[in-house]
Amino acid sequence: MVITTYLYSLSAHIRMAIFSVSLQTALHLLVITNATLIKKGWDTCHFGSVECECQKVPDNLLKVDCSRRQLVKIPSFYSNVTWIDLSNNHIDNISVGFPKIVGYIDLSGNRIHHLDRKPFRGLYNLKSLNLEKNGINTSLMYKGLFADLHSLTKLNLKGNIQDQFKRTIIKDDVFSELISLQSLKIDGPTNVTFGKGFASLSRLQKLDLSGITGNCSFKRISQNMFLHMPRLIYVDVSACDILDIEEGAFGKLQYLEHLDVSHNKQLGFASLPNITHNLNNTSIKSLRGNEMNCLSGIGTKILKRHFENLKHTNISEIYFEKNRLEQLEPGALRLLPNTIDIISFGENKLTQGRYMIDFFFFRNIRVLNISVQLRPPPYPESIFETCTEKTDNFDSALKELHTPKECVKEYQASLNSFIYKSWWHGKIIGTIIVPKTLEVIYANISRFYGIAPEFGINATGLREIYVQDNFFYSWNGPIYGVENIEIADVSNNYCSYISKSIMKYAIGLRILKASKNNIGKSLATDAEGEIFENTVSLEFLDLSYNNIFYLSASMFKNMQKLRTLNLQNNQLSSWRVKVDHMKNMKYINLKQNKLTAFDKKSRVSFGNLFQLTNLTIDLSENQLLCSCDSKEFLEWITRHRKHFINFEYYECSSSSSHKFNFSDPDVSAMLLRKSCKSYQTIYIVSSIAAAFLSSIIIGITLVKNKWKIRYVVYKFKQRFRKHKGYFTNFQSGTPCYEYDAMISYSPKELSFVLTDVIPRLENEAGFKLYVKDRDEPVGTPFGETIMEAIQNSRRVVCLVTKSYLKSKLQDYELNMSRMEAIEDRGNLNFVHLILFPDVCNVSISIQTLDLVRQECFTEYPEEQCALDDFWERLRSIISKEFL
């Protein structure tokens, strides 16, 4: 269990789908931004009747963009045009010649089916030609078509095969004329061949046949498929529906560095020995085998034989994502060379096993990704696909069922090397060894479940760790050896407890994301700010959506470098946190809390920061109090409104006695001052009169202590009555009770008591409950009935709803129970509150708040799936003895 917990704490995954989408979005925005910047230097220009965009470049040359103009013919361009974009038009032939100096032509997305009359005659300077998505039949290409393209380095012919069942030929004698070609992107027709003519392309380094960006339908890669292209560095045969790859097909490419066989779902891992055969004779750096298994089926497994051919290579990156991968044979990863820099097994269905130890024995690994596990395959493709992947033979599979004794010994030794006892700050602690070069661990959405115990990490190079969207429900710690980690994301882990020592050694942490947990109770008990005491380098802290209702003044006492603090969507009703020392603070998000105002001390602190920094605060969707009591706060926030986001949309709470229009705050502040001035006069007169009325003071004192007085009076009367239902066992000294629990509830919750409470606690758990509508004796005075029920019960359980808080009867029951807990039982745990969801936005009494702060409450869950855990916890509370 300890080993598993350690492994789960460190075997990191990333939410790959979200990461990919985010990366794509970022790149898309970057492209848009660049395009916008470029367009700033472009002007409208005309070529005959055709209007385009032009940009001047050095030597009085022009770049021309005529894309998406619905053109049917190519315009006549000026002789000084060197760059032409005619993509996404309706051009069906190349009838007009291009300028002789042109170096770039993009004709993609048009309707060109034939390349007649040598359309590229005289284009000796052309370097890049894009004919993608036109419907050009390569079988009809003729010798001499590319004869003048002496300088062409990039040619794109992807997406031109219209009918994959129609025979298409790649004529090598046509392409042999492109003597400077370095990159060829072309469709892969059935029975594709690259003949002897390609041998003259001595500079060809990149071959893209991918069916993702074009059409690819060949089923087999023979040993000699790339025989005449020996200088290839990059080969992409992804999504070609390949069924078989002959042994050593890629092993003859001496300069090969990047190989992509992804999305050929019927290859299976059983094809890896053939794919990797003789790769030690190449310069292989990156191997991509994503989705080379069918979408649905039982989990797959990588065996040692699958990686055997890679151990003598210098490969640095391996990607096997979306393969239903569930296990790896122990030792398989150990066959990979020490040059491995990135390993990605994202979006599989990995389960824990001995193979996980192997991840931590790479000497140079920088990024480890085993994220987004057990994501279901896409619907309905997975149901209707006809796919049968290649599998290993039965003998090999049978061999995996038996583990020799020497292997067991080997892995015991590995385990001892992986987890060992080490001396940390005066203590011997279990420590996990992580490769020194490992910089990033992605571990989100990976089904990890458990606690973060006290342990050590020997990971001097680790800088980033992402474990969001898992089930690390308790952060105990401390964790040793994390001084160099700069970024940590532990969001959405269902955590309900965080210890004060968990981040004791996180002195280098700059960014911490811990949103969408439930650590409010733990933070409320941290009066001295011990949890974040040592996070002195923190610049970004996200604690949003954590049910935080209280933060001490010292909570962030050592965060001088903090720039962004996110506390959105919590339960804060007051602000006590000291911020004077946060000279770098730029943004505090307090949106969607229960704040009514800032006290004078906080206003002074924020005012000082406003003078030093451009601090902005978001108080949107709070319960701001608009009254004479908060006049100074409203005047202060009006003066500093430029520092408050969406200030004009702020609103007064429903309990406010005055109106305040935040869209016209100056006028509202003036009207509030006038209104409060008249109230102030009345208040002064009333105060003078009250000074002479001592009876009022006595009355106030009585009201303040009314519950204690009522309790003392009842106890005094009780001395003269026979005590019923409660006695002491003088032999054991243990009190005995008639009822296990008294249920205090509003009449509106009677149906809940009958249908849920009684069946769950009496029928199933066997407790004896006092339910007033059922057990209240007839003819007994109201107060005596309640007090006898309280004293005859082991516990009092209050079902606190909105209607409960408004009821005087329930207020009496709750407060008399509280006095019994304080005066007689000596422990507030005698009373336990069940807080229902509808009390979140309702003000509660000081007595009730006192019980909440003492953690004498449980929240009734809104989700059906959490009900069983709730009732089990309540049974445990009722039956538990307290001191």
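Trainee: Which residues are linked with Arg220 in a network of salt bridges?
Mentor: This is a predicted model, so the network is read from predicted side-chain positions. A salt bridge needs a Lys or Arg nitrogen within 4 Å of a carboxyl oxygen of Asp or Glu. Arg220 is linked in such a network with Asp244 and Glu246.

Trainee: How many salt bridges does the structure hold?
Mentor: Side chains of opposite charge can pair when their charged atoms come close. With the cut-off at 4 Å from nitrogen to carboxyl oxygen, the structure holds 23.

Trainee: Glu621 and Lys591 meet in a salt bridge; how many residues apart in sequence are the parts they tie together?
Mentor: The N to O distance of this pair is 3.8 Å. Glu621 lies in the loop between E34 and H11, and Lys591 in the loop between strand E33 (587-589) and helix H10 (600-612). Lys591 is partly exposed at 22% relative accessibility. The parts tied together are 30 residues apart in sequence.

Trainee: Where does Asp666, the salt-bridge partner of Arg641, lie?
Mentor: The side chains of Arg641 and Asp666 meet at 3.1 Å, N to O. Arg641 counts as partly exposed at 32%, and Asp666 is partly exposed with 46%. The pair ties together parts 25 residues apart in sequence, because Arg641 lies in the loop between H11 and H12, and Asp666 in helix H12.

Trainee: Is Glu813 buried or exposed?
Mentor: Glu813 meets Lys772 in a salt bridge of 3.2 Å, N to O. The two are 41 residues apart, with Glu813 in helix H19 (residues 808-825) and Lys772 in helix H16 (residues 772-775). Lys772 is buried at a relative accessible area of 14%. Glu813 has 2% relative accessibility, so it counts as buried.

Trainee: How many disulfides does the count come to?
Mentor: A disulfide is a covalent bond between the sulfur atoms of two cysteines. The rule takes pairs of cysteine sulfur atoms within 2.5 Å. By this rule the count is five.

Trainee: What is the handedness of the link of Cys52 and Cys66?
Mentor: Their sulfur atoms are joined at 1.9 Å. Cys52 lies in strand E2 (residues 50-57) and Cys66 in the loop between strand E3 (61-65) and strand E4 (81-85), so the link ties parts 14 residues apart in sequence. Both Cys52 and Cys66 are buried. With 105° about the S-S bond, the link is right-handed.

Trainee: Why is the disulfide of Cys626 and Cys652 assigned its handedness?
Mentor: The S to S distance for Cys626 and Cys652 is 1.9 Å. Cys626 is buried at 1% relative accessibility, whereas Cys652 is partly exposed at 25%. The torsion about the S-S bond is about -85°, so the disulfide is left-handed.

Trainee: How many residues apart are Cys628 and Cys676?
Mentor: Their sulfur atoms are 2.2 Å apart, and the link is left-handed with -100° about the S-S bond. Cys628 counts as partly exposed at 25%, while Cys676 counts as buried at 5%. The disulfide runs from the loop between E34 and H11, where Cys628 sits, to Cys676 in helix H12, and the two are apart by 48 residues.

Trainee: Which helix gives the most to the largest nonpolar core?
Mentor: The largest nonpolar core has 175 residues, and Phe175, Phe226, Phe250, Phe345, Phe532, Phe556 and Trp575 touch the most other members. The helix that gives the most to this core, with four residues, is H11.

Trainee: Which residues does Phe556 touch, not counting those up to four places away in sequence?
Mentor: Phe556 is among the residues that touch the most other members of the largest core. Its contacts are Phe532, Leu541, Leu543, Leu551, Leu565, Val577, His581 and Met582.

Trainee: What is the accessible area of the nonpolar surface patch with Tyr494?
Mentor: Tyr494 is found in the loop between strand E28 (487-489) and strand E29 (497-498). At a relative accessible area of 53%, Tyr494 is exposed. Together with Tyr449, Phe471 and Tyr473, Tyr494 forms a patch with an accessible area of about 450 Å².

Methods:
Residues are numbered from 1 along each chain as its sequence is written. This is a predicted model: local features need pLDDT of at least 70, side-chain atom pairs count only at pLDDT 80 or more; totals for chains, interfaces and linings use all residues. Side-chain values use heavy atoms; hydrogens and water are left out. A nonpolar core is a set of buried Ala, Val, Leu, Ile, Met, Phe, Trp, Tyr and Cys residues joined through side-chain atoms within 4.5 Å. Buried means under 20% relative accessible area, exposed over 50%, partly exposed in between (1.4 Å probe, protein chains only). Contact means heavy atoms within 4.5 Å. Patches are made of residues with over 30% relative accessible area and no salt bridge: like charges are joined within 9 Å, nonpolar side chains (Val, Leu, Ile, Met, Phe, Trp, Tyr) within 5 Å. Accessible areas come from the Shrake-Rupley method with a 1.4 Å probe; for residues, only the protein chains shown count as cover.
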